Amino acid sequence: MSVDKARVERLTRELLEAIGEDPDRPGIRQTPARMADLYAEFFSGVGEDAAAPLARTISVTRGPAPDTLPSGAVLLRDILFRSVCEHHLLPFSGRAHLAYLPGEQVVGLGALVRVVEILAARPQVQERLGEQIADTIAENLDARGVLVVLDASHGCVTMRGGRQPEASTLTIAARGEYTDPAARAELIALIGASPAAPPRTVS
């Protein structure tokens, strides 16, 4: 389902009027159109099938390079993501770290990135986003274990309420073998060994 940009424009004009602004003032005359473009981008994942990128898999035993199949987890660190908190429609952004323990099928690493992008591009809460990523990978690959760690900064924490600009939120979602804390300890340590993250920005 695509965003109704014309309707977003109309509603943005109404919102500007509701806060006492003149939507025809030169400085904000183009704001409704800009908001329509912004929402079309930020919410492009609404209605999109997050499992679609995982449809093309590679057999680890019958694939083109069986001598390179992993003996342990496949871990993809530091996937930059952004989303919008459904409580205040303020952005949150950060890094996702994904790991899965392959069964017979593996998938291209770019497909994992797309899963994150699709699920993040809709009104979200971080806890649910991590669980949805884990479920999508676990249900569409024959993975023996899945681990998803999200570390994000939330506009509703940094810009309103307590206004804590340095605060970040860490969530963990685990499936299969990685529901055992001992089994995921090595992966958590590897994620923690990631290079220091640059200051977060929301674009």
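A residue counts as buried under 20% relative accessible area, as exposed over 50%, and as partly exposed in between. Keep that scale in mind for the tour, and remember that you are looking at a predicted model.

**Stop 1: the whole chain**

Select the protein chain and colour it by secondary structure. You should find 6 helices and 7 strands. Starting from the N terminus, the order of elements is α-α-β-β-β-β-α-β-α-β-α-β-α. Now show the surface: about 11300 Å² is exposed, and carbon and sulfur atoms supply 54% of that area. Of the 203 residues in the chain, 38% are buried. Contacts also reach across the sequence: among those between residues at least 6 apart, 70% join residues at least 24 apart.

**Stop 2: the sheet**

Next, select strands E5, E2, E3, E6 and E7. In that order these 5 strands make an open sheet with mixed pairing. Which strands stand at the edges? They are E5 (123–124) and E7 (169–176); each has a single partner strand, so one side of each lacks a neighbour in the sheet. As a reminder, strands of a sheet pair through backbone hydrogen bonds, in either a parallel or an antiparallel way.

**Stop 3: the E2–E3 pair**

Zoom in on residues 74–85, strand E2, and residues 91–101, strand E3. The two run antiparallel and are joined by 9 bridges. For a landmark in this pair, pick leucine 75, which sits opposite alanine 99 in E3.

**Stop 4: the helix on the sheet**

Add residues 126–140, which form helix H4. H4 packs on the sheet and touches E2, E3, E5, E6 and E7. Show strand E6 (145–154) beside the helix: the directions of H4 and E6 make an angle of about 155°.

**Stop 5: two residues with positive phi**

Go back to E2 and select aspartate 78, which lies in that strand. Its phi is near 60°, a positive value in a residue other than glycine. Is aspartate 78 buried or partly exposed? Its relative accessibility is 23%, so aspartate 78 counts as partly exposed.

Then move to the loop between E2 and E3, where you will find leucine 89. Leucine 89 is not a glycine either, yet its phi is positive, at about 55°. How does the opening scale apply here? Leucine 89 has a relative accessible area of 44%. Because partly exposed covers what lies between under 20% and over 50%, leucine 89 is partly exposed.

Note on methods:
Residues numbered from 1 in each chain as written. Predicted model: local features only at pLDDT ≥ 70, side-chain atom pairs only at ≥ 80, totals over all residues. Heavy atoms only, no water. Pairing = 2+ DSSP bridges. Helix = DSSP H or I, 4+ residues; strand = E, 2+ residues; numbered from the N terminus. Contact = heavy atoms within 4.5 Å. Axes fitted to C-alpha atoms, helices over the stretch in contact; angles between N-to-C directions. Buried < 20%, exposed > 50% of the residue type's maximum accessible area, 1.4 Å probe, protein only. Areas by Shrake-Rupley, 256 points an atom, 1.4 Å probe, with all protein chains shown as cover.
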